[in-house]
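Reader: I have a model open and want to go through it piece by piece. Can we start with the ligand and then move to the sheet?

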Amino acid sequence: MDKILVTGAGGQLGTELTQALADKHGAENVWATDINPEMREKFEYCHFRTLDVLDGEAVRKLIENEAITQVYHLAAVLSASGENNPLFAWRLNMESLLSLLELAKSIKLDRIFWPSSIAVFGPNAPKTHTSQFAVKEPTTVYGISKLAGERWCEYYHKKHRVDVRSLRYPGLVGYKSLPGGGTTDYAVDIYHKAINNQNFGCFLKPDTRLPMMYMPDAIKATLRLMDSPSENIKIRSSYNLAAISFTPEEIYESIKAHLPDFSIEYKPDYRQQIAEGWPQCIDDSAARKDWGWHHDYDLEDMTQDILANLPEYIP
Ligand code: AKB
């Protein structure tokens, strides 16, 4: 029986992935952890522990004491927050991953999942259909930490047979939690403003196209990757993963079609430069071929689903 540990469970991805893991493996087999003790309220349905992932000893004890078999290591500082505190972002994103990979050498862990990002690509990569192996010269501390992390994942797999798997997520859009310091998070915030009848101040220009994905697709991809037989996972750095690509103007129009009074104002800030360094759409054919990935939601499906369901999540 699998016993699952999720770090950074209170974040956008963690909130929904933890629930999906509890549905799949049984809530009694899932330990949600977060540095913020107040996140306990979110995880009344499974185990919860307050955990600082930089405390390697605490991580080791939890894994050993609860006989954890799979770790989903989601705790990270995202791109926009990372630029405000680069050294801390590097330390959190890198040290926590490395100490977990080191631990996986000596204790029996079946599988580790670690998220990477489209942020590994920098301004010198092709902007469209960016391939799995395109040049990677990230210019954000977040992108640099994700690229280094990918190299470490591949290294520990090749050298120490650690079964670590990873996805280069595009911007993830969900409605069950608030934005968490990412550049693509405008696409989460915009729905909250629309539902609350507020004007939306967008920190990106109207035509900034970025790769994006609706959260149910991201959960599906993650579970599918982790369920796949080891021999199907040919890429041990991180798989390109794609679904939809849109601009602020396009998402605004898709919401306005349902809420005609909704208004937007563009006030680009330092995040514009981060977004301009990233691809507009990426090629995920390796994921589609190796473990049968396909996405379900386009922009219109996502907007309809969020507008129908978000109101019940607003406190
Ligand atoms: C961010 O915007 O920092 C993240 C990402 C694309 O990895 N959502």
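Author: One definition beforehand: Ala, Val, Leu, Ile, Met, Phe, Trp, Tyr, Cys and Pro count as nonpolar, Asp, Glu, Lys and Arg as charged, and the others, Gly among them, as polar. Also, this is a predicted model.

Reader: Fine. By class, how many residues of the shell around the ligand are nonpolar, polar and charged?

Author: The shell has five nonpolar and six polar residues, and no charged ones.

Reader: Which residues are around the ligand?

Author: Leu-78, Ser-79, Ser-117, Ile-118, Ala-119, Tyr-142, Tyr-169, Gly-171, Gly-182, Thr-183 and Thr-184.

Reader: On to the sheet. What is the order of the strands?

Author: The order is 3-2-1-4-5-7-11, in an open sheet of seven strands with parallel pairing. Strand 3 (47-50) and strand 11 (239-240) each have a single partner strand, so they stand at the edges with one side lacking a neighbour in the sheet.

Reader: What joins strand 11 to strand 7?

Author: Two bridges, with strand 7 (residues 164-169) and strand 11 paired in the parallel sense. Opposite Leu-167 stands Tyr-239 of strand 11.

Reader: And which helices pack there?

Author: Helix 7 (residues 215-227) packs on the sheet and touches strand 5 and strand 7, its direction making about 155° with that of strand 7. Helix 4 (residues 86-106) lies across strand 4, strand 5 (111-117) and strand 7, and runs at about 170° to strand 4.

Reader: Now strand 1. Which way do its residues point, and are they buried or exposed?

Author: In strand 1 (residues 4-7), Ile-4 and Val-6 point one way, Leu-5 and Thr-7 the other, and all are buried. In a regular strand, side chains alternate between the two faces of the sheet.

Reader: How many bridges join strand 1 to strand 2, and how many join strand 1 to strand 4?

Author: Three bridges join strand 1 to strand 2 (residues 30-34), running parallel; Ile-4 has Val-30 as its bridge partner there. From strand 1 the chain passes through helix 1 (residues 12-25) to strand 2, a right-handed β-α-β crossover. Four bridges join strand 1 to strand 4 (residues 70-73), also parallel, and Leu-5 stands opposite Val-71.

Reader: Different topic: where does His-295 lie?

Author: His-295 is in the loop between helix 10 (285-291) and helix 11 (299-309).

Reader: Why does His-295 count as partly exposed?

Author: Because His-295 has 18 C-beta neighbours inside 10 Å, and a residue needs 20 or more to be buried, or 12 or fewer to be exposed.

Reader: What does His-295 touch?

Author: Leaving out residues up to four places away in sequence, His-295 touches Met-213, Asp-217 and Ala-243. The C-alpha atoms of His-295 and Leu-78 are separated by 24 Å; Leu-78 is one of the residues around the ligand.

Definitions and conventions
Residues are numbered from 1 along each chain as its sequence is written. This is a predicted model: local features need pLDDT of at least 70, side-chain atom pairs count only at pLDDT 80 or more; totals for chains, interfaces and linings use all residues. Two strands pair if DSSP finds at least two bridges between them. A crossover is right-handed if, with the strands pointing away from the viewer, the path from the first strand over the helix to the second runs clockwise. A residue is near a molecule or strand if its C-beta atom, placed from the backbone, lies within 6 Å of it. Two residues are in contact if their C-beta atoms, placed from the backbone, lie within 7 Å. Axes are lines fitted to C-alpha atoms, for helices over the stretch in contact, and angles run from 0 to 180 degrees between N-to-C directions.
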